[in-house]
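Hi everyone, thanks for coming along. Let me put the structure up on the screen, and then I'll walk you through a few places in it.

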Amino acid sequence: MSTSLELQHTVGKTASLSGTSLHTGEEVSLRLHPATVDHGIKFKRKDLPDEPTIDARIDNLKMVERATTIGEGSVRVHTVEHVLAALSAMDVDNAIVEMDANEPPIGDGSAQPYVDLIKKAGVIAQEEPRKVFHVREPMHVESKTGTLLVLLPCETFRISCTQAGPNNRFAQFLSMEITSATFEREIAPARTFVYYEDVRPLMEKNLIKGGSLENAIVVRGEAVLSKEPLRFADEFVRHKILDIVGDLALAGRRIRGHVVAVKPGHAANAELARALAREQTRRSAMTGSHAIPIGDAGLDTGEVMKILPHRYPFLMVDRVIGFEGEDKITAVKCITINEPFFQGHFPGHPVMPGVMQVEAMAQVASLLLFKLTKTTSRIGYFMSADSVKFRKPVFPGDTMFIHAELTRSRGERMAKTKCYCVVNDAVVSEGELMFTFLDK
Ligand SMILES: [Zn+2]
């Protein structure tokens, strides 16, 4: 199987599906539309004013109780995992999932209706290569409840899953490579299952208004209650694999790796997706060119100073090396012993203050936002810095590469960036910086 030159895919035409939503019990219709290259999967709430869209990515994860909920601002979409599993496994990278409710139709509790929908719409190749995450080193996530997810290097996307209910009832194991063919045949038909002891509390929490034996299997003691007999002797572990495929799709990339899952659940699946996305961002920050070119791609000191009002000794950007698309920038700052802060931080032991690294991130992010807004009449104000970490000291003589990536923007008002400072191929500091735009 090819691991490199795979292309992105979207659906060939719009196709629709309707049914009942699990949690609210409302009638909902879903339309799957083609989308352009690099669009990713976005949910569109056709029932709300302005028809907001929500990116199906891990940054937008809101809740993992029983099902996976994503949202932006006050807008939510619940139970996205089955439709995402089908899209991801059936090779759809780019699509708009338009709905007139806050949840896709539950169908029979499996991913089969979505696989059928995708086949109805057709899947077509696009001109750009697909984004793939190759697992290089083992990663893992575990919880106090006995859940363990390990991600290992592998040339294909493989899942080995052990599922076990209360008191280890219905312990099942299955290991398989996930391709569109195996997913359609072995995984997509596997239905949601619930344990009877869990059902009553769920109903009290109003979480399963549309629930019935038509869209879920209920397990009571050793008995399996469902309208139609089990589709596979090990249907439960198959559904667990289905949920893993759907939740990991929130990482936004095809995975080349082997997921070994013990008693998986949405919370752990989502945590693994988050770890994967974080590792991907870290890698992107590390792969910038480390020669320092002059020319068209970047901005020299004079050009930087035309945009930023900062001046020596507070200008923390020597040069912009380049932009990648609309949402990434790499800049460089040579740290010399002449920096005034070294005199006091600390005498005889010069170390660059962490806050100056954050200042450098903010200045570089501002340069990116300037490019984004394409206007000089509005200015981005630094609002907050979250998840700031200082990992290694920076010394005189170091060349610091500063990377900023736009992770979210809301209209003309707000932008969020993930920033890294890198010295000698190691991340020395990182943070998430938020900006708001105001008229000058
Ligand atoms: Zn599920």
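Let's begin out on the surface: Ala 297 is exposed, because its relative accessible area is 55%. Please keep in mind throughout that this is a predicted model. Ala 297 sits in the loop between H6 and helix H7, which spans 301-307. What does Ala 297 touch, leaving aside its neighbours within four places in sequence? The contacts are Ile 321, Gly 322 and Phe 323. For Phe 323, the C-alpha atom is 6.9 Å from that of Ala 297, with the two positions 26 residues apart along the chain.

Now to the metal. Which residues coordinate the zinc ion? They are His 82 and His 239, each through NE2, and Asp 243, which is listed twice with an OD atom, and the distances run from 2.1 to 2.7 Å. Along the chain, the donors follow the spacing H-x156-H-x3-D. His 82 belongs to helix H1, residues 81-89, and Asp 243 to helix H5, residues 235-248, so this pair ties together parts that lie 161 residues apart in sequence.

And why is the arrangement called irregular? Because the four donor atoms subtend angles of 53 to 150° around the zinc ion, and a tetrahedral label would need all angles between 85 and 135 degrees. As for accessibility, His 82 counts as buried because its relative value is 5%. Asp 243 is buried too, at 10%.

Let's stay with those two helices. The axes of H1 and H5 come within 7 Å and cross at roughly 80°, so the two helices are roughly perpendicular to each other. On the H1 side, the contact is made by Glu 81, His 82, Leu 84, Ala 85, Ser 88 and Ala 89. H5 brings His 239, Leu 242, Asp 243, Val 245, Gly 246 and Asp 247. You'll recognise the zinc ligands His 82, His 239 and Asp 243 in that contact.

H1 has another partner, helix H2, residues 112-121: their axes come within 9 Å and cross at roughly 45°. H1 and H2 are therefore oblique to each other, and H1 passes H2 in a right-handed crossing. Here His 82, Val 83, Ala 86 and Leu 87 of H1 meet Tyr 114, Val 115 and Ile 118 of H2.

H5, for its part, meets helix H6, residues 266-286, with axes that come within 8 Å and cross at roughly 40°. That makes H5 oblique to H6, and this crossing is right-handed as well. From H5 we have Asp 243, Ile 244, Asp 247 and Leu 248, and these meet His 266, Asn 269, Ala 270, Leu 272 and Ala 273 in H6.

To finish, some backbone details worth a look. The peptide bond from Tyr 312 to Pro 313 is cis, with omega near 5°, and Pro 313 lies in the loop between H7 and strand E20. Another cis bond joins His 345 and Phe 346, where omega is about 0°. Phe 346 is in the loop between strand E21 and helix H8.

Then there are positive phi values in residues other than glycine: Asp 50 has phi near 70°, and Ser 387 near 50°. Are these residues buried or exposed? Asp 50, in the loop between strands E4 and E5, is exposed because its relative accessible area is 78%. Ser 387, found in strand E22, is partly exposed at 40%.

That's my tour, and I'm happy to take questions.

Technical notes: Residues numbered from 1 in each chain as written. Predicted model: local features only at pLDDT ≥ 70, side-chain atom pairs only at ≥ 80, totals over all residues. Heavy atoms only, no water. Donors = N, O, S within 2.8 Å, 3.2 Å for Na, K, Ca; no water. Tetrahedral: all angles 85-135°; square planar, octahedral: opposite > 155°, others 65-115°. Helix = DSSP H or I, 4+ residues; strand = E, 2+ residues; numbered from the N terminus. Buried < 20%, exposed > 50% of the residue type's maximum accessible area, 1.4 Å probe, protein only. Axes fitted to C-alpha atoms, helices over the stretch in contact; angles between N-to-C directions. Parallel < 35°, antiparallel > 145°, perpendicular 65-115°, else oblique. Left-handed = near helix turned anticlockwise from the far one by under 90°. Contact = heavy atoms within 4.5 Å.
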